[in-house]
Amino acid sequence: MPHVELFRITGGARLVGDVPVSGAKNSVLKLMAAALLAEGRTVLTHTPQILDVAIMGEVLRRLGCAVTIADGAITIDCPARPGSEADYDLVRRMRAAICVLGPLLARTGAAKVALPGGDAIGSRGLDMHIAGLTRLGAEVTSEHGFVMARGTSLHGATVWLDFPSVGATEQILMASVLAKGTTVIDNAAREPEIIDICTMLTSMGARIGGAGSSTIEVEGVEELEPVQHRPVADRIVAGTWAIGAVMTRGDVTVRGADWRHLEITLDKLVTAGAAVEPLLGSLGFRVAMEQRPRAIDMVTLPYPGFPTDLLPMAIALASVADGASMVTENVFDARFMFVNELTRLGADVRTDGHHAVIRGRERLSGAPVRATDIRAGAGLVLAALCADGVSEVSDVSHIDRGYPSFVDHLRGLGAEIARVDVPDPDFPLGF
Ligand code: UD1
């Protein structure tokens, strides 16, 4: 009989101790795609050992790159003529693979990438990606489940984004660095991961101004050189540990992550009653909590607003806080899907459109629940830490996509959690 993995958690422990944070998933995947822009060896250091990195490695291999992932480093040898097609079997498993479209187009003049299915957090269109590449002179069509882009002479242009989309900003950046002339991306995303990719592209020889602001200007160059780069630390993983510390009335030192990338989040935790202090002399911060957290309202927005990727953890926090909280989601249309699972743990959450009202309970109660996406999975695990008795979180492959050594880190902080193998409950019972 086939088996599946789940996390078995016994609630009640406080999270106490140190936890290291490696490179950001959401940056590393795009930096891997950026390696396609230069012939030769790109090396990314301090990278997370997660499923999504392995999937992106496979995407690049099928495009003709030699990829080694070992000891926290990713080595990518990109050939003179990379391939141009990314298949559905990989893009389906990880939507971010769509980001190879821009660099492949820039490098080879043609790219064919399967349309992604996406996470279970909303519709997640590609219209801004396509409009941006079209402005740069590409011909973009969609047929038989693929997006196809062609254009051997991309040229600079001004691109206005309707929304500061992270993915569209990165896509247009990677297509424009080798285009002729000047590209301006207006209403660009300002996330630390955008600054990170601009930093790497600049060290590769690209000419980019305004990274981290709403207007990015790119002056196209003829050719780029491969480099070695250390990605920015994962602020979402760091924020998950911070919220976990507050929910469990713990004391956690998060090492390697920049607290300034989480300013609003940490400020909210202070409002909830936590003590937060940056580490002196090294990157990181400490979050300590002695009493039950107070209820706080949170509104997700593009950076520097409260990150949508921390929304499930924010709702989990509100579920055990003293009082009623309102959490508003402004980025993805179906982020509240996981709330049904959270209510199985006894949380009192009511949603209406993009608002959720949560009435905090002193304790939740252990139950079997299912992770519906990476962040929802992490939010459910944090909630299970505050639940009486045993909870089982299934579909943990979602969590493995984004959180390196999640179970080990939680155990290191004192949580009672184990990864267990159980017979697949969906396996037909012989009829
Ligand atoms: C990235 C992150 C994701 C994070 C999100 C917002 C990666 C791999 N993922 O996703 O974890 O939650 O940023 O911080 O980096 N949209 C369109 N048309 C487009 C592009 C986007 O309508 O062409 C919409 C999306 O459906 C969504 C919103 O814009 O509602 C924001 O999406 P975007 O910023 O592009 O997120 P991603 O890059 O997909």
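These legends go with close-up views of the ligand site and a pocket in a predicted model.

**View 1. The ligand sits between two domains.** Domain 1 (3–21 + 233–423) and domain 2 (25–226) each hand over residues to the shell around the ligand, so the ligand ends up between them. There are 19 residues around the ligand, and the ones that come nearest are D127, M128, S165, D309 and V331.

**View 2. Here are some polar atoms facing the ligand's oxygens.** S165 puts a polar side-chain atom 2.6 Å from a ligand oxygen, and N26 has one 3.0 Å from an oxygen atom of the ligand. With H129 the backbone does the job: one of its polar backbone atoms is 3.5 Å from a ligand oxygen. On its own the ligand would expose 740 Å², and the protein buries 85% of that.

**View 3. Helices help build the shell around the ligand.** At least two shell residues come from each of α1 (25–34), α5 (127–135) and α6 (166–176). Helix α5 chips in the largest share, three residues. Chemically the shell is a mix: seven nonpolar residues, six polar and six charged.

**View 4. This one shows the second largest pocket.** Its volume comes to about 450 Å³. The lining of this pocket has 23 residues, with A106, L178, V221, E222 and E223 nearest the centre. Helix α4 (residues 101–108) gives the most to that lining, four residues. By type, the lining of the second largest pocket splits into eleven nonpolar, six polar and six charged residues.

Key. Residues are numbered from 1 along each chain as its sequence is written. This is a predicted model: local features need pLDDT of at least 70, side-chain atom pairs count only at pLDDT 80 or more; totals for chains, interfaces and linings use all residues. Side-chain values use heavy atoms; hydrogens and water are left out. A residue is near a molecule or strand if one of its heavy atoms lies within 4 Å of it. A polar contact is a pair of N or O atoms within 3.5 Å; within protein, one must be able to donate a hydrogen and the other to accept it, and residues adjacent in sequence count only if both atoms are side-chain atoms. Accessible areas come from the Shrake-Rupley method with a 1.4 Å probe; for residues, only the protein chains shown count as cover. Ala, Val, Leu, Ile, Met, Phe, Trp, Tyr, Cys and Pro count as nonpolar, Asp, Glu, Lys and Arg as charged, and the others, Gly among them, as polar. Domain bounds come from an automatic or database domain assignment. On a 1 Å grid over the protein atoms alone, a cavity is a set of points where a 1.4 Å probe fits but cannot get out, and a pocket is an open set with protein on both sides within 12 Å along at least five of seven lines; lining residues have an atom within 4 Å of a point. Grid points are joined across faces, edges and corners, and a volume is the space filled by probe spheres set on the points.
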